[in-house]
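Reader: I am a first-year student, and I would like a close look at one part to begin with, followed by a slow walk outward from there. Please explain each special word as you come to it.

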Amino acid sequence: MDGFDLTSTDRLLATTRTVRRRLDLDAPVELAEIRDCLRLATQAPNVNNSQAWRWVVVTDPGLRERIATYYARAYEDRSAALRAQTAPDDEPGQRLIASTDVLADNLARVPVLVIPCALERLTPDMPIRKAANLYGGILPAVWSLQLALRTRGYGSAFTTLHLHYEREVASLLGIPDDTTQVALIPVARYSGETFRPAPRLPIEEVACVNHWATPFTD
Ligand SMILES: Cc1cc2nc3c(=O)[nH]c(=O)nc-3n(C[C@H](O)[C@H](O)[C@H](O)COP(=O)(O)O)c2cc1C
């Protein structure tokens, strides 16, 4: 038994949220801390310890601006459907839209954008196991990064919208053709500390024991 402080670790796991509105766009970011978080993130499991990843940390304002323009373009195209599907009295839905609007409007001002890349190109005919290894070889590390950032007072968000322009962003950042960008993680200090567990489906509904049809109940 390693003697973890369960109160803190459970709180970290239960309340690390997607931060969009509370990203502090003016507070400085310590790049040494981002490096520490990346060091911790790369402790995550990965395929045969191949560490087939690269982490592109974008701080240059001009590059952030260009990436944000692609993100906003993708957001404009896709958010219309979300808006149309969300009833005016659907409070959580409307809150989500307001929050995603803020990120799309302000992405260029977020001081650090991290783009995790898998060193393999996803292809349309890739067998399911290979695709699982490609994403599974990096996404645990991405979440570790977000957890480590949180413990140091940084907020982040897992986003994928810029991937509608993945090739354009690749050429902007010199990312080789044989890699796959898996996400874009905006990072900034967060303002306020009122993170709460999110509403999630009961575990009995989403987990089963031994058979798909046997819910995991007490
Ligand atoms: C695969 C994936 C893609 C996502 N893409 C975006 C995105 O492009 N933009 C965004 O604002 N949020 C994005 N999110 C964040 C989700 O909207 C968010 O996790 C969800 O609303 C639950 O909120 P929570 O993380 O605070 O619990 C993405 C999350 C995942 C897991």
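Author: Let us begin with N49, which is exposed because its relative accessible area is 52%; exposed means over 50%, buried under 20%, and partly exposed in between, with a 1.4 Å probe and protein chains only. Before going further, please keep in mind that this is a predicted model, in which local features need pLDDT of at least 70, side-chain atom pairs count only at pLDDT 80 or more, and totals for chains, interfaces and linings use all residues. Residues are numbered from 1 along each chain as its sequence is written, and side-chain values use heavy atoms, with hydrogens and water left out.

The setting of N49 is the loop that runs between helix 2 (31-41) and strand 2 (53-58); helices (H or I, at least four residues) and strands (E, at least two) are DSSP runs, numbered from the N terminus. The backbone of N49 also deserves your attention, for its phi is near 50 degrees, and that is a positive value in a residue other than glycine. N210 has a positive phi too, near 70 degrees, and N210 is again a residue other than glycine. To find N210, look in the segment that follows helix 8 (203-206). With 83% relative accessibility, N210 counts as exposed.

From these two exposed residues we can turn to T86, whose place is the loop between helix 3 and helix 4. Although T86 sits in a loop, its relative accessibility is 12%, and so T86 counts as buried. The side chain of T86 reaches the backbone oxygen of L82 at 2.6 Å, a polar contact, meaning a pair of N or O atoms within 3.5 Å; within protein, one must be able to donate a hydrogen and the other to accept it, and residues adjacent in sequence count only if both atoms are side-chain atoms.

Helix 3 itself, which spans residues 61-85, holds T69, and R78 lies in helix 3 as well. T69 has a relative accessibility of 38% and therefore counts as partly exposed, while R78, at 45%, counts as partly exposed too. The side chain of T69 comes to 2.8 Å from the backbone oxygen of E65, which the side chain reaches. T69 also shows how residues that are separated along the chain can be compared in space: A104 is 35 residues away from T69 along the chain, and the C-alpha atoms of the two are separated by 8.8 Å. For R78 the partner to look at is L161, which is 83 residues away along the chain, with 8.7 Å between the C-alpha atoms of R78 and L161.

Strand 4 (residues 154-156) brings us to S156, which lies in this strand. The relative accessibility of S156 is 4%, so S156 counts as buried. Its side chain is engaged in a polar contact with the side chain of Q146, at a distance of 2.9 Å. If you would like other buried residues to set beside S156, consider Y190, which counts as buried because its relative accessibility is 16%, and F195, which counts as buried because its relative accessibility is 10%.

We can end our walk at the ligand. Around the ligand there are 13 residues, and the closest are T18, R20, Y71, F158 and R200; a residue is included if one of its heavy atoms lies within 4 Å. Helix 4, made of residues 91-106, gives the most to this shell, contributing three residues. Several side chains bring polar atoms toward oxygen atoms of the ligand, and it helps to take them in turn. In T18, a polar side-chain atom lies 2.5 Å from an oxygen atom of the ligand. R20 likewise has a polar side-chain atom that lies 2.7 Å from a ligand oxygen. For R17, the distance between a polar side-chain atom and an oxygen atom of the ligand is 3.0 Å.
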